[in-house]
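This report goes through a single protein chain, starting at one end of a helix and working out to the whole fold. The sequence and structure come first.

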Amino acid sequence: RSNLALSAFFRDTYGPTGAFNAQPFEGGRSWAGARPEMRVIGYDSRGIAAHMGLLRRFIKVGAVDLLVGELGLWGVRADLEGLGLSHSMFTMYPELKRLGVPFGFGTVRYALHRHVERLCRGGIATVLPGVLVRSTQAEVYPDLETTRLEDPLVVVFPIACSMDEWPSGTLIDRNGPEL
C-alpha cells in the first residue's frame, strides 16, 4: 500500500483535532516525527481502518536510560472509533515481546483519557500522571526552539519487566522527536 494512502488516513484521522495536527502528513508523508521501525496497519473493504507505529529507542526516565518500544501514530478511522486502540495494542503486544523490550511506552492527548483508561482496565498498561516529556522538534527552524516540553498522558506497557521496575522520575527525555 502506498504512503499516499497512509498520508491521507492520518490527515483524515488527525485533522478533526486541529489543522496543525494534520499538517505533518501533507505531501504524502506518513510519519509526524520519527519514522516508525514497524507498522501494524488494519485494512477493510474501505481501505485503511487502523494504524499503530513502533520504534525501539532509549529514553531517559529521571536519571535512568531505558530501552522501550515506543508506540505512536495511533489512529482509527472515525467510523470504527471505540474498537481500535486496545485492539491495535493487542496486535502489537506479541511483537513487543519478540523484540525483548522491557516496556512499551507511548503518549496520548488528554482528550483520549477515556480510551486509555479502558485499555488499562485489564492491567495491560498503566497511565503515569504528572510526567513531563521532552522531545526534539521533528523540523528544525532557526527562529524556533529545538526541543519542546509537554504534559501528555504517559502510558507504559510492562513487557519483559514488571511496572515495579519502571524508574521513578517526573521527566522523560525522548532523545529524539516523538513517533
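## The N-terminal cap of α1

S2 caps helix α1 at its N-terminal end, with a side-chain oxygen 3.2 Å from the backbone nitrogen of L4. The model is predicted, and the distances in this report are computed from it.

## Helix α1

Helix α1 covers residues 3–14. With 12 residues at 1.5 Å a residue, α1 should span 16 Å, and its end C-alpha atoms are 16 Å apart, so expected and computed lengths agree.

Which residues of α1 are buried? They are L6, S7, F9, F10, T13 and Y14. These residues lie on the same side of α1, because the arc they cover around the axis is only 160 degrees. An α-helix has 3.6 residues a turn, so residues three or four places apart point the same way. L4 and D12, on the other side of α1, are exposed.

The packing partners of the buried α1 residues are α2 (19–22), β1 (38–44), β2 and β3.

## A residue in α2

Helix α2 contains N21. The relative accessibility of N21 is 28%, and N21 therefore counts as partly exposed, the class between buried (under 20%) and exposed (over 50%). N21 and E70 are 49 residues apart along the chain, and their C-alpha atoms are separated by 19 Å.

## Nonpolar cores

The largest nonpolar core has 19 residues, of which L71, M92, L96 and F157 touch the most other members. Two or more residues of this core come from each of β2 (47–61), β3 (64–76), α3 (84–99), α4 (113–120) and β8 (153–158).

A second core, separate from the largest one, has 13 residues, among them I59, F103, V131 and I172.

## The chain as a whole

Four helices and nine strands make up the secondary structure elements of the protein chain. Their order along the sequence is α-α-β-β-β-α-β-α-β-β-β-β-β. The protein chain is as compact as a globular protein of its length, because its radius of gyration, 16 Å, is close to the 16 Å given by the globule rule for 179 residues.

Along the principal axes, the C-alpha atoms fill a box of roughly 45 × 45 × 30 Å. Of the 179 residues, 44% are buried. Among contacts with a separation of 6 or more, 67% are between residues 24 or more positions apart.

How values were computed:
Residues numbered from 1 in each chain as written. Predicted model: local features only at pLDDT ≥ 70, side-chain atom pairs only at ≥ 80, totals over all residues. Heavy atoms only, no water. Core = buried A, V, L, I, M, F, W, Y, C linked by side-chain atoms within 4.5 Å. Buried < 20%, exposed > 50% of the residue type's maximum accessible area, 1.4 Å probe, protein only. Expected span 1.5 Å × (residues − 1). Arc of directions from axis to C-beta. Contact = heavy atoms within 4.5 Å. Polar contact = N/O pair within 3.5 Å; in protein donor to acceptor, adjacent residues only side chain to side chain. Rg over C-alpha atoms; globule rule 2.2 N^0.38 Å.
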